[in-house]
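The questions below ask how the terms used for this structure are justified, and each answer sets a value against its definition.

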Amino acid sequence: MFKPLHNYVLLARLEEETTTAGGIIIPDNAREKPSRGRVIAVGAGLYDGDELTPMTVHVDDVVLFAKWAPSASEVKIDGKDYILIRETDILGILE
């Protein structure tokens, strides 16, 4: 399995709804890429000198992330698509 380094997080993108509240089906070409993901793996945290700041997110958390995050990279691991992103580009944890 893949283990991110430092403050990087590996996310599996969660699909958004394909229909509106009124029942209208949204075609694939009109849908935006979802900005929700499930945390698959996390790094150890970020070092500030000799002190380690641990990660806030944990495996299996569902998070919202910035759609145009500068650190986000789409990666393929074992044939599956993931997003590798810095924890600072995650906006929050959905509970």
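Q: What is the order of elements along the protein chain, from the N terminus on?
A: From the N terminus on, the elements run β-β-β-β-β-β-β-β, so that the chain has zero helices and eight strands, where helices (H or I, at least four residues) and strands (E, at least two) are DSSP runs numbered from the N terminus. This is a predicted model, in which local features need pLDDT of at least 70 and side-chain atom pairs count only at pLDDT 80 or more, while totals for chains, interfaces and linings use all residues. Residues are numbered from 1 along each chain as its sequence is written, and side-chain values use heavy atoms, with hydrogens and water left out.

Q: Which strands make up the open sheet, and what makes β6 and β8 its edge strands?
A: Six strands form the open sheet in the order β6-β7-β1-β2-β5-β8, with antiparallel pairing. The strands β6 and β8 are edges in that each pairs on one side only, and the twist from one strand to the next averages 45° (axes are lines fitted to C-alpha atoms, for helices over the stretch in contact, and angles run from 0 to 180 degrees between N-to-C directions).

Q: Why do β6 and β7 count as paired?
A: Two strands pair if DSSP finds at least two bridges between them; five bridges join β6 to β7 (residues 80–86), and the two run antiparallel, so the condition is met. Within this pairing, I77 stands opposite K80 in β7.

Q: How do you know that β3 and β4 are paired, and which residue of their hairpin takes a positive phi?
A: Strand β3 (residues 45–48) and strand β4 (residues 51–54) share four bridges in the antiparallel sense, with L46 opposite T53 in β4. The hairpin has two residues between the strands, and G49 takes a positive phi near 75°.

Q: Why is the contact between E74 and R13 called a salt bridge?
A: A salt bridge is a side-chain nitrogen of Lys or Arg within 4 Å of a carboxyl oxygen of Asp or Glu, and the side chains of E74 and R13 meet at 3.4 Å, N to O, so the pair qualifies. E74 lies in strand β6 (residues 73–77) and R13 in strand β1 (residues 8–13), so the pair ties together parts that are 61 residues apart in sequence. A search of the whole structure finds two salt bridges; D81 and K76 also meet in one, at 3.4 Å, N to O.

Q: Why is E74 called exposed but R13 partly exposed?
A: Buried means under 20% relative accessible area, exposed over 50%, and partly exposed in between (1.4 Å probe, protein chains only). E74, at 54%, is therefore exposed, whereas R13, at 25%, is partly exposed.

Q: What makes L91 exposed, and which residues form a nonpolar surface patch with L91?
A: L91, found in strand β8 (residues 90–94), counts as exposed because its relative accessibility is 64%. L64, L91 and L94 make a nonpolar surface patch of about 260 Å².

Q: Which residues does L52 touch, not counting residues up to four places away in sequence?
A: L52 is found in strand β4 and is partly exposed, with a relative accessible area of 35%. Contact means heavy atoms within 4.5 Å, and on that basis L52 touches A44, G45, L46 and Y47.

Note on methods:
Patches are made of residues with over 30% relative accessible area and no salt bridge: like charges are joined within 9 Å, nonpolar side chains (Val, Leu, Ile, Met, Phe, Trp, Tyr) within 5 Å. Accessible areas come from the Shrake-Rupley method with a 1.4 Å probe; for residues, only the protein chains shown count as cover.
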